[in-house]
Amino acid sequence: MTVKGREASSALRAETRGGRQLFWTRSLGGPSPITGERSRVADGAVWRVLEPSRSKLAAALALGLKAPPLLPGENVLYLGAATGTTASHVADLVGPQGIVYAVEKSPRAFARLLASAGRWPNLAPLLRDVREPESYVGLVPMVGALYMDIPQPDQVEIALRNASLFLRPGGRLYLALKLSSLGRARTPKEHLEAAVRELREHFQLDAPIPLEPFYRRHAFIAGRSRA
Ligand SMILES: C[S@@+](CC[C@H](N)C(=O)[O-])C[C@H]1O[C@@H](n2cnc3c(N)ncnc32)[C@H](O)[C@@H]1O
């Protein structure tokens, strides 16, 4: 099975069903603990569905993000993990040799994230504010990839500050940008252009991927930090 014409990683599969594209990750944590998320057994493994309507990562994959986005054995800093829906799939993708450091500040979401993490040996939840990255220096090492999904007005600044502390040179950024959270002074298109301009000073970026029709006024930005 291929994802956008490439050989799928052994932990990621793509499928088209009823004209809709969806993805499956080989689960490290067994059947899904996430409400409403399907899992199935195939080829001696449990696979969990990753649907574009439930995950911006899946939406980006369906809309053109080059796959596989996260590599086996990679350490990832994940900002805005919420209850762990996408973060647990990212943990599946990096596999048992990688670790996903999943930062979330809402105690309520964090409680559910912790419950999932009990089943994913490589998911390390941190109850922290991503605007204070210094508070997790010493807990998070340098990582190969930074994934961020934080709908805040200072999304780009938060990404840059965390990248400067934790992303190794040449490491990759995956940013789900909520354009409507960036204020009313500019149109969503202008916000996206401004974000790309700012990020380009530090990253080589792929073309941004608009996440419509799955997420209104969202774009997914992927890039590689300049060494
Ligand atoms: C859109 S949700 C993330 C969904 C998740 N990435 C997924 O795909 O499963 C955004 C999350 O960011 C968290 N968040 C917002 N501001 C934050 C901050 N300053 N520090 C840490 N987490 C924050 C929110 O509590 C919320 O859970």
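# Ligand site, helix α2 and backbone exceptions

Asp43 counts as exposed because its relative accessibility is 65%, and the cut-off for that class is over 50%. The model is predicted. Asp43 is placed in the loop between β5 (39-42) and β6 (45-50). Although Asp43 is not a glycine, its phi is positive, about 55°. As background, most residues other than glycine have a negative phi, and most peptide bonds are trans.

Ala82 is another non-glycine residue with a positive phi, near 50°. Ala82 lies in the loop between β7 (76-79) and α2 (85-94). With 35% relative accessibility, Ala82 counts as partly exposed, because that class lies between the buried limit of under 20% and the exposed limit of over 50%.

**The ligand and its shell**

The ligand is surrounded by 18 residues. The closest of them are Tyr78, Thr86, Glu104, Asp129 and Asp149. By class, the shell divides into seven charged, six nonpolar and five polar residues. The space that the ligand takes is the largest pocket. Three of the short distances between protein and ligand are tabulated here.

| Protein atom | Ligand atom | Distance |
|---|---|---|
| Thr86, polar side-chain atom | oxygen | 2.6 Å |
| Tyr78, polar side-chain atom | nitrogen | 2.7 Å |
| Gly80, polar backbone atom | nitrogen | 2.9 Å |

Taken alone, the ligand exposes 600 Å², and the protein buries 83% of that area. Which ligand element does the side chain of Thr86 approach? The partner of Thr86 is an oxygen atom, whereas Tyr78 has a ligand nitrogen atom as partner. Gly80 also lies 2.9 Å from a ligand nitrogen atom, but through its backbone.

**Helix α2 and Glu37**

How many residues of α2 are buried? The count is ten of ten, and the helix is described as mostly covered. Among the buried residues are Thr86 and His89. Thr86 is also one of the residues closest to the ligand. Just after α2, Gly95 has a positive phi of about 70°.

His89 is tied to Glu37 by a side-chain polar contact of 2.8 Å. The side chain of Glu37 also makes a polar contact of 2.8 Å with that of Arg48. Glu37 is found in the loop between β4 (20-26) and β5. Is Glu37 buried or exposed? Glu37 is buried, because its relative accessible area is 9% and the limit for buried is under 20%.

**Strand β11 and the cis peptide bond**

Leu167 is part of strand β11, which spans residues 167-178. Since its relative accessibility is 7%, Leu167 counts as buried. Leu167 and Ala67 are separated by 100 residues in sequence, and their C-alpha atoms are 20 Å apart.

Where does a cis peptide bond occur? Such a bond joins Glu212 and Pro213, with omega about 5°. Pro213 is located in the loop between β13 (209-210) and β14 (218-225).

Methods. Residues numbered from 1 in each chain as written. Predicted model: local features only at pLDDT ≥ 70, side-chain atom pairs only at ≥ 80, totals over all residues. Heavy atoms only, no water. Near = heavy atom within 4 Å. Polar contact = N/O pair within 3.5 Å; in protein donor to acceptor, adjacent residues only side chain to side chain. Areas by Shrake-Rupley, 256 points an atom, 1.4 Å probe, with all protein chains shown as cover. 1 Å grid on protein atoms, 1.4 Å probe; cavity = no way out; pocket = protein on both sides within 12 Å on 5 of 7 lines; lining within 4 Å. Sits in = over half its atoms within 2 Å of the grid points. Nonpolar A, V, L, I, M, F, W, Y, C, P; charged D, E, K, R; others polar. Helix = DSSP H or I, 4+ residues; strand = E, 2+ residues; numbered from the N terminus. Buried < 20%, exposed > 50% of the residue type's maximum accessible area, 1.4 Å probe, protein only.
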